[in-house]
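Reader: Please go through this model with me. I would like to hear the reasons behind the labels.

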Amino acid sequence: MLLTELNRECLLHIFSFLDKESRKGLSRVCHVFREIYHDPALWSLLCFCSPSELKRDNFVLSPALRSLSICWHSSRVKVCNIEDWRKSSFQRDICSQHQHLVTNFLTRITNSCPNLLSVILSGCGHLTDGDIIQILQKCSKLNTLKLENCARLTDKTLEAVTIYGNSLTCFHVDFCRNITQEGINLVQKKCPSLSFSAEQSAKMIPDQPNRCDALVRRMRKQFQW
């Protein structure tokens, strides 16, 4: 019996064990596999471990997507969590290569996948409050949101959770240095039944943009002399 003679349910089950690139490769073999590859039922879960993966054409976005995970831990991605004024020119070049990558991808997600139930984002240094607010507004069924080591997130994200996160049952905002105790208290007060974690966030040293301004002023003063 040929593999292509299996029924659709069996083929979907087999494809579900393959990674994104393997699925894409098989889709080029014949029209049967191509149809399986484009079946939304195959793409209820998506995981990405590097910025380059978001640029590839080896996955399908559809309303069938239920779980999304973007977790980056490489040394190059960690550069994005450094305050802008502390970065060297080389580090800025690295960041510029994927500065808007996650934001643009999440815009595609919220436009194509309104039925998301779970989102996990870790190490996304360029992730903004606006990105999270967009997810909460457009994915009304979201019940799990886990954010870790996302340096640009502030209390605006926590406020948005209290306003738009009506379906949330689990919310984590761990190791996000610009989250304050005041924001944490707001979530605890307004969402007492929410399973909420903010490990170390309020204890970390927040960004200090004023220090950057002071440095610029000192440099200008020196040049004037």
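Reader: Where is Asp39 found?

Author: In this predicted model, Asp39 lies in the loop between helix 3 (31–37) and strand 1.

Reader: What makes Asp39 count as buried?

Author: Its relative accessibility is 12%. Buried means under 20%, so Asp39 counts as buried.

Reader: Which residues does Asp39 touch, not counting residues up to four places away in sequence?

Author: Asp39 touches Arg8 and Leu12. Contact here means heavy atoms within 4.5 Å.

Reader: Why is Asn104 called partly exposed?

Author: Asn104 has 49% relative accessibility. The label exposed needs over 50% and buried needs under 20%; 49% lies in between, so Asn104 counts as partly exposed.

Reader: What is the place of Asn104, and how far is its C-alpha atom from that of Asp131?

Author: Asn104 belongs to helix 7. The C-alpha atoms of Asn104 and Asp131 are separated by 9.2 Å, and the two residues are 27 residues apart along the chain.

Reader: What does helix 7 pack on?

Author: Helix 7 (residues 101–112) packs on the sheet, where it touches strand 1, strand 2 (67–71) and strand 3. The direction of helix 7 makes about 175 degrees with that of strand 2.

Reader: How is that sheet ordered?

Author: Six strands form an open sheet in the order 1-2-3-4-5-6, with parallel pairing.

Reader: What makes strand 1 and strand 6 the edge strands?

Author: Strand 1 (45–48) and strand 6 (195–197) each pair on one side only. From one strand to the next, the twist averages 5 degrees.

Reader: How do you know that strand 3 and strand 4 pair?

Author: Strand 3 (residues 118–122) and strand 4 (residues 144–148) are joined in the parallel sense over five bridges. Pairing needs at least two bridges, so these strands pair. Within this pairing, Val119 stands opposite Leu145 in strand 4.

Reader: How many disulfides does a search of the whole structure find?

Author: The search finds zero disulfides.

Reader: Why is Cys71 without a bond to Cys49?

Author: The closest cysteine sulfur to that of Cys71 is in Cys49, 6.8 Å away. A disulfide requires sulfur atoms within 2.5 Å, so 6.8 Å is too far for a bond.

Reader: What about Cys124?

Author: The nearest cysteine sulfur, that of Cys150, is 5.1 Å away, and Cys124 is in no disulfide. The distance is again set against the cut-off of 2.5 Å.

Reader: Is Cys124 buried or exposed?

Author: Cys124 has a relative accessible area of 1%. The limit for buried is under 20%, so Cys124 is buried.

Key: Residues are numbered from 1 along each chain as its sequence is written. This is a predicted model: local features need pLDDT of at least 70, side-chain atom pairs count only at pLDDT 80 or more; totals for chains, interfaces and linings use all residues. Side-chain values use heavy atoms; hydrogens and water are left out. Helices (H or I, at least four residues) and strands (E, at least two) are DSSP runs, numbered from the N terminus. Axes are lines fitted to C-alpha atoms, for helices over the stretch in contact, and angles run from 0 to 180 degrees between N-to-C directions. Buried means under 20% relative accessible area, exposed over 50%, partly exposed in between (1.4 Å probe, protein chains only).
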